[in-house]
Amino acid sequence: MNEREKNMVEITQKAAAEMLLQHDSILVLMHKSPDGDTIGCGYALCLALRACGKQAQPVCSDEVPAQYNYFTDSVPTQTFTPQFIVSVDVADTQLLGDTLSVYRDKIDLCIDHHGSNKRFARYGIIEAAAPACAQMLTGIIREMGVPIQGAMADALFTGLTTDTGCFRYASVTAETYRTAAYLVEQGAQNGTINRLMFETKSKAKVELEKLAMASLQYFCDEQIALICITTEMMQAAGAVDNDTESIPSLPRQIEGVKVAVTVKQKGEQDFRISLRTTEEVDASQICAQLGGGGHKAAAGCSYHGTLEETIEKMVALSVKALESSV
């Protein structure tokens with residue numbers, strides 16, 4: 001445990017709201033390979049802060065996908081010297097990426113819902129029971145007294161629905177549904193958003209899914225399903241990183257599968273692993289053994305080695321986790 005982790009002060013949603021209202025020129029950091037939750041939170045918070053007359057800008061090491069333009073276009077770029085730095089949906093400063101790594105020791109407030117959070121900020125609000133950071137941020141913005149409407153409601157609903165798999169996951173609580181209902185009441189375009197997030201795919205993504213599922217392998221009496229996404233597959237499909245976002249959930253949909261492993265190539269011998277599990281197996285505990293983390297049913301980590309070594313390692317860890325769950 002480092003000094004930052006020992007010294008982080010954990011605060012409430014109300015205290016976080018008060019802290020945000022006390023500062024100006026606020027930079028909001030999102031994690032690399034951004035998903036709907038970190039993007040929705042980053043842009044919603046900036047809209048809320050700007051509504052209070054503050055300078056605020058969301059930033060990410062990677063480009064924000066165009067599919068989120070329905071709310072990101074409402075946040076024109078502001079340039080300023082930050083006086084206060086917030087991270088949203090970021091469990092570890094390693095997830096900030098190269099461009100934002102300069103801020104890893106300068107984060108004032110961390111808002112996150114990962115139990116594996118490294119507690120790297122001066123202050124933090126960590127709610128591991130929340131299935132999406134957007135659920136937490138909706139509460140914080142309401143504590144700020146800022147009306148949630150328009151693009152802000154869309155951004156928060158996007159974070160909520162994407163991180164819960166359109167409210168399918170076991171992590172969804174009664175409070176999640178209440179939050180969703182509130183956002184819809186405030187004007188969130190729930191039907192349009194769910195169609196864009198879950199029912200609209202680029203042709204490149206469809207091709208990549210076909211190639212990835214063609215690599216499917218079963219282990220441990222077909223309780224483990226593993227697929228690969230290689231650089232060659234990405235090139236053949238004409239796909240970009242954002243096209244891989246929902247693929248890790250595909251092998252978990254197979255009857256009898258308890259551990260779904262997706263191995264994605266990031267370099268010649270560098271791989272990013274995404275795990276999706278059923279209630280019997282804790283994905284975050286598996287990934288923690290390789291320096292990763294996440295949630296019980298969805299987690300990730302990295303591994304350096306050949307593709308064959310990576311597969312062998314992930315299968316071994318998954319088998320051990322399955323045996324421990326019996």
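This is a tour of a predicted model, stop by stop, with residues to select at each one.

**Stop 1: the largest nonpolar core**

Begin by selecting Leu20, Ile111 and Ile141. These residues have the most contacts inside the largest nonpolar core, which has 54 residues. Next, select helix H3, residues 36-51. Helix H3 supplies nine residues, the largest share of this core.

Keep Ile111 selected and show what surrounds it. Which residues is Ile111 in contact with, leaving aside its neighbours within four places in sequence? One run of the answer is Val86, Ser87, Val88, Asp89 and Val90. The rest of the list is Ile125, Cys133, Met136, Leu137 and Ile140.

**Stop 2: Asp89**

Asp89, one of the contacts of Ile111, deserves its own selection. To find it, go to the loop between strand S4 (84-88) and helix H5 (97-100). Is Asp89 buried or exposed? Asp89 is buried, because its relative accessible area is 2% and buried means under 20%. Its backbone is also worth a look: Asp89 is not a glycine, yet it has a positive phi of about 65 degrees.

**Stop 3: aromatic rings**

A search of the whole structure finds five aromatic pairs. Select Tyr70 and Phe71 to see one of them. The centres of the two rings are 5.1 Å apart and their planes meet at 80 degrees, an edge-to-face pair. Tyr70 is partly exposed, with a relative accessible area of 24%, whereas Phe71 is buried at 0%. Add Tyr43 and Tyr68 to the selection, and you have the aromatic cluster formed by Tyr43, Tyr68, Tyr70 and Phe71.

Now move to Phe157 and Phe167. How is this pair arranged? The ring centres are 6.0 Å apart and the planes stand at 55 degrees, so the pair is tilted. An angle over 60 degrees would be needed for edge-to-face, and one under 30 degrees for stacked.

Phe157 sits in helix H7 (residues 150-163), while Phe167 sits in the loop between H7 and helix H8 (174-185). The two residues are ten residues apart, and the pair links distant parts of the chain. Phe157 counts as buried at 2% relative accessibility, and Phe167 counts as buried at 16%. Phe167 also has a positive phi, about 70 degrees, although it is not a glycine.

**Stop 4: two threonines in H7 and H8**

Stay with helix H7 and select Thr162, which lies in it. Thr162 is buried, with a relative accessible area of 16%. Not counting residues up to four places away in sequence, Thr162 touches Gly36, Asp37, Met197 and Phe198.

Then select Thr179 in helix H8. Thr179 is buried as well, with a relative accessible area of 5%. Its contacts, leaving aside neighbours within four places in sequence, are Gln135, Thr138 and Leu160. For a sense of scale, draw a distance from Thr179 back to Phe71: their C-alpha atoms are separated by 19 Å, and the residues are 108 apart along the chain.

**Stop 5: the second core and Thr310**

Select Ile273, Val281, Leu317 and Leu322. They are among the members of a second, separate core of 21 residues.

Thr310 is the next selection, in helix H13. It counts as buried, at 0% relative accessibility. Which residues does Thr310 touch, not counting those up to four places away in sequence? They are Val263, Phe271, Ile273, Tyr303 and Gly305. Ile273 is also one of the residues of the second core. Thr310 and Gln269 are 41 residues apart along the chain, with their C-alpha atoms separated by 9.1 Å.

**Stop 6: the second largest pocket**

The last stop is a pocket with a volume of about 150 Å³, the second largest. To outline its lining, select Glu280, Val281, Asp282, Gln285, Ile286, Gln289, Leu317, Lys320, Ala321, Ser324 and Ser325. Val281 and Leu317 in this list are also included in the second core.

Which helices each supply at least two residues of the lining? They are helix H12 (283-288) and helix H13 (307-325). The largest share, five residues, comes from H13. Colour the lining by residue type to see four nonpolar, four polar and three charged residues.

Terms used. Residues are numbered from 1 along each chain as its sequence is written. This is a predicted model: local features need pLDDT of at least 70, side-chain atom pairs count only at pLDDT 80 or more; totals for chains, interfaces and linings use all residues. Side-chain values use heavy atoms; hydrogens and water are left out. On a 1 Å grid over the protein atoms alone, a cavity is a set of points where a 1.4 Å probe fits but cannot get out, and a pocket is an open set with protein on both sides within 12 Å along at least five of seven lines; lining residues have an atom within 4 Å of a point. Grid points are joined across faces, edges and corners, and a volume is the space filled by probe spheres set on the points. Helices (H or I, at least four residues) and strands (E, at least two) are DSSP runs, numbered from the N terminus. Ala, Val, Leu, Ile, Met, Phe, Trp, Tyr, Cys and Pro count as nonpolar, Asp, Glu, Lys and Arg as charged, and the others, Gly among them, as polar. A nonpolar core is a set of buried Ala, Val, Leu, Ile, Met, Phe, Trp, Tyr and Cys residues joined through side-chain atoms within 4.5 Å. Buried means under 20% relative accessible area, exposed over 50%, partly exposed in between (1.4 Å probe, protein chains only). Contact means heavy atoms within 4.5 Å. Rings of Phe, Tyr and Trp (its six-membered ring) pair if their centres lie within 6.5 Å; planes under 30 degrees apart count as stacked, over 60 as edge-to-face and the rest as tilted.
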